Amino acid sequence: MRLLERFTSTSGREGSPWTGLSAVFLKEMADHLTGARMRILEILILVTALGSVYTALNDIVSGGSQEFLYLRLFTTAQEPLPSLVGFLGFLVPLIAIALAFDAVNSEFNRRTLSRILAQPVYRDAFLFGKFLACLATLAVVFSAIWLLVFGIGILRLGVPPTAEETGRALMFLFATIFYAGIWAALALLFSIVFRSPATAALASLAVWLFFTAFWDIVAGLLVPVLGPKQILTIGDMLALGELELALARISPTTLYGEIAVILLQPVVRSLGLVLPIQLDRALLGSPLPLGQSLIMIWPHLTGLVAVTILLFALGYVLFQRQEIRA
Amino acid sequence: MSEFVLEANNLTKRYGNFLAVDHLNLAIREGEVFGLLGPNGAGKTTTILMLLGLTEPTEGQVRVLGFDPARQPLSVKARTGYMPDQVGFYDDLTARENLTYIARLNGIPYREIERRVDAALERVKLTEVAHQRVGTFSRGMRQRLGLADVLIKEPRLIIMDEPTQGLDPELAREFLGLIRGLKEDGITILLSSHLLHQVQAVCDRVGLFNRGRMALQGTVAELARQVLGGAYRIQIQADGPAEKLSDALQRIPQVIQAHHAGANRFEVEARDDLRAEAAEAVVKAGGRLLSLNVEQQSLDEIYARYFEEAKHAAA
């Protein structure tokens with residue numbers, strides 16, 4: 001009975017949950033864009049972007065294939081620098097975590113939370129505004145880098161990018177923003193759970209480190225446990241391969257890496273095991289059209305977006321139930 | 001709408017097995033300043049949070065300005081100002097920016113925001129530091145900014161949790177002056193505090209809180225009558241036969257108790273200001289009256305006596 005009462009009282013609550021969303025969003029956005037933290041991150045990412053694009057340009061100008069020049073700006077690595085994509089896979093989670101790890105707990109510690117929640121806005125607007133501002137800030141930063149890379153490319157290469165290249169790079173930008181979204185949502189979740197921003201930051205970094213460095217090892221250990229006990233047929237082999245891949249893909253880092261490979265290297269036509277029979281009449285070494293590449297990474301993209309939404313939803317539920325008194 | 005701005009019936013909050021607020025009844029009239037008194041941990045803050053809909057009550061109903069905070073939180077919060085006990089601001093933003101953010105959250109139209117922010121800053125005398133970062137503000141300035149923050153939405157009811165805590169006496173007096181000014185504007189105020197003389201200085205009525213219950217409620221004089229038995233205490237210095245004098249004083253109608261307090265001093269507790277009658281009685285009994293003083297009961301004394309008795313009753 002009490003549950004029913006509670007249900008009707010929440011479903012029948014007055015006004016829109018988004019009242020005040022724009023106020024929160026604009027304020028948070030302004031905070032992010034003017035904060036010292038953001039300056040540091042901007043400098044960091046600018047330097048790495050310029051460095052890797054510069055080396056990639058040298059490589060491209062000195063020869064090699066003339067196809068997909070702009071995509072090669074993203075993917076070419078030259079000792080000792082990794083490619084821009086490599087850098088992004090590493091920096092994006094860090095930036096996202098840096099923006100969100102103290103989103104809620106700092107408000108609590110500054111004692112601004114009770115004052116804000118005494119205003120005629122729902123907690124929904126407060127949390128969603130913060131998350132959106134975080135995502136928008138990340139989008140601004142990554143779009144700026146993206147434009148910078150293309151700009152430098154146009155200046156130095158002298159050929160305009162093709163529609164195909166632009167499309168692929170745009171999809172990659174979209175994936176990057178949602179990859180960042182996952183880590184931002186995770187950091188936001190920890191900022192709700194942990195009262196101390198340092199703990200929240202450490203927890204977020206620990207998860208990131210786990211998936212970046214240790215998940216492969218863990219997955220490797222899990223495969224013999226979960227996989228077929230004996231490998232007798234080719235079916236068993238395939239099952240083992242699939243399992244290995246599926247486990248590896250639990251890590252968002254793997255998902256993002258695969259998306260980057262497929263989108264930015266059009267010649268790659270498969271991510272898993274390929275049987276000789278599947279290669280029948282295939283033109284090896286020729287690029288896939290964008291549509292086909294998209295089909296291949298579509299599950300990855302939905303996965304990224306879904307995990308972002310799930311993590312945010314979890315944080316949202318916890319935040320709604322949190323006592324706000326100090 | 002009823003004559004009460006704020007009503008709570010059987011308000012109860014339980015945290016696990018701990019009963020933070022126990023069937024509380026409270027009613028505050030329009031334009032009144034009501035003081036919520038009680039020791040730390042008596043449930044004052046929990047009560048305030050429930051009144052605002054920031055915490056869900058376990059049991060009981062609340063009406064604030066005719067709205068139910070659990071079902072119509074936006075209507076309640078749009079009309080009610082809340083000043084938490086330790087009011088926090090965004091230290092990197094200026095006073096004006098902090099207030100503007102609150103105004104936006106309240107959905108005040110853009111053209112109106114500037115006027116309201118200016119008026120609020122003017123009222124708490126912070127106009128000159130409006131463009132300074134709040135991080136540089138002193139405790140007193142922050143507290144005044146907290147009040148400005150509440151005034152932005154032009155509320156009909158203001159709820160303040162320990163508004164003068166941590167202020168030096170001078171600042172506290174200044175702050176109480178601001179509260180009185182709000183009362184003159186017809187704003188209803190509910191404040192919680194354990195600084196008794198301050199509460200006595202501004203509140204029309206007070207409620208004494210103990211272990212989640214509203215133990216006593218009324219004007220200071222009413223409380224004095226309930227707790228101390230008499231609202232007036234007369235102190236007399238007179239030379240003369242002590243026993244005879246205290247007998248004579250005891251016989252005055254409306255005297256609750258008269259006793260000899262050593263040397264030539266006598267104390268009389270009475271329901272009224274009986275200085276004239278007491279003087280007459282002393283003279284008639286052959287005493288030489290030296291001085292005569294009436295002291296009004298302070299809330300301090302009521303408070304101390306009440307909790308002493310509560311402790312005895314519990315023991």
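**A hairpin, two sheets and an interface**

In this predicted model, strands β1(B) and β2(B) are joined as a hairpin with two residues between them, and within that turn Gly16(B) adopts a positive phi of about 65 degrees. The two strands of the hairpin run antiparallel and are held in register by eight bridges. Several of these pairings can be followed residue by residue: Leu11(B) has Leu24(B) of β2(B) as its bridge partner, Lys13(B) is matched with Val21(B) in β2(B), and Arg14(B) is matched with Leu19(B), again in β2(B).

The hairpin belongs to an open sheet of three strands in chain B, whose order is β2-β1-β4 and whose pairing is antiparallel. At the edges of this sheet stand β2 (18-29) and β4 (59-64) of chain B, each of which pairs on one side only, and the twist from one strand to the next averages 15 degrees. On the other pairing of β1(B), the partner is β4(B), and these two strands run in the antiparallel sense over five bridges; one of the residue pairs here sets Glu7(B) against Arg63(B) in β4(B). When inspecting such strands, it helps to recall that in a regular strand the side chains alternate between the two faces of the sheet. Across β1, β2 and β4 of chain B lies the helix α1(B), which runs at about 120 degrees to β1(B).

The helix α1(B) also leads to the second sheet of the chain, since it lies across β3 (33-37), β5, β6, β7 and β8 (205-210) of chain B, where its direction makes about 150 degrees with β6(B). Helix α8 (residues 220-228) of chain B packs on this sheet as well, touching β8 and β9 of chain B and making about 115 degrees with the direction of β9(B). The sheet itself is open and has six strands, arranged in the order β5-β6-β7-β3-β8-β9 of chain B with mixed pairing. Its edges are β5 and β9 (213-218) of chain B, and because each has a single partner strand, one side of each is left without a neighbour in the sheet. Here, too, the average twist from one strand to the next is 15 degrees. Within the sheet, β6 (residues 157-161) and β7 (residues 188-193) of chain B pair in the parallel sense over five bridges, and Met160(B) stands opposite Leu191(B) of β7(B).

From the sheets of chain B the description can now pass to the contact with chain A. This contact takes 33 residues from chain B and 30 residues from chain A, and the area buried between the two chains is about 2900 Å², of which carbon and sulfur atoms give 56%. On the chain B side, the residues that lose the most area to chain A are Leu74(B), Tyr90(B) and Leu105(B), which together account for 25% of what that side buries.

The polar part of the interface can be described in terms of residue pairs. Between chain B and chain A there are nine residue pairs in polar contact, counting those with both residues at pLDDT 80 or more, and the interface holds two salt bridges. One of the salt bridges in the model joins Glu323(A) to Lys13(B), with the closest N and O atoms 4.0 Å apart; Lys13(B) is also the residue whose bridge partner in β2(B) is Val21(B). The elements of chain B that each supply at least two residues to the side touching chain A are β1 (4-15), α1 (44-51), α2 (73-79), β5 (80-83) and α3 (95-105). By residue class, that side of chain B divides into 15 nonpolar, 11 polar and seven charged residues.

Over all chains the count of salt bridges comes to 28. Among them is the pair formed by Glu107(A) and Lys130(A), whose closest N and O atoms are 3.1 Å apart. Glu107(A) lies in helix α6 (residues 105-109) and Lys130(A) in helix α8 (residues 123-157), both of chain A, so this salt bridge ties together parts that are 23 residues apart in sequence.

Note on methods. Residues numbered from 1 in each chain as written. Chains lettered and ligands numbered in written order. Predicted model: local features only at pLDDT ≥ 70, side-chain atom pairs only at ≥ 80, totals over all residues. Heavy atoms only, no water. Contact = heavy atoms within 4.5 Å. Buried area = accessible area lost by both parts, 1.4 Å probe. Salt bridge = Lys/Arg side-chain N within 4 Å of Asp/Glu carboxyl O. Polar contact = N/O pair within 3.5 Å; in protein donor to acceptor, adjacent residues only side chain to side chain. Helix = DSSP H or I, 4+ residues; strand = E, 2+ residues; numbered from the N terminus. Nonpolar A, V, L, I, M, F, W, Y, C, P; charged D, E, K, R; others polar. Pairing = 2+ DSSP bridges. Axes fitted to C-alpha atoms, helices over the stretch in contact; angles between N-to-C directions.
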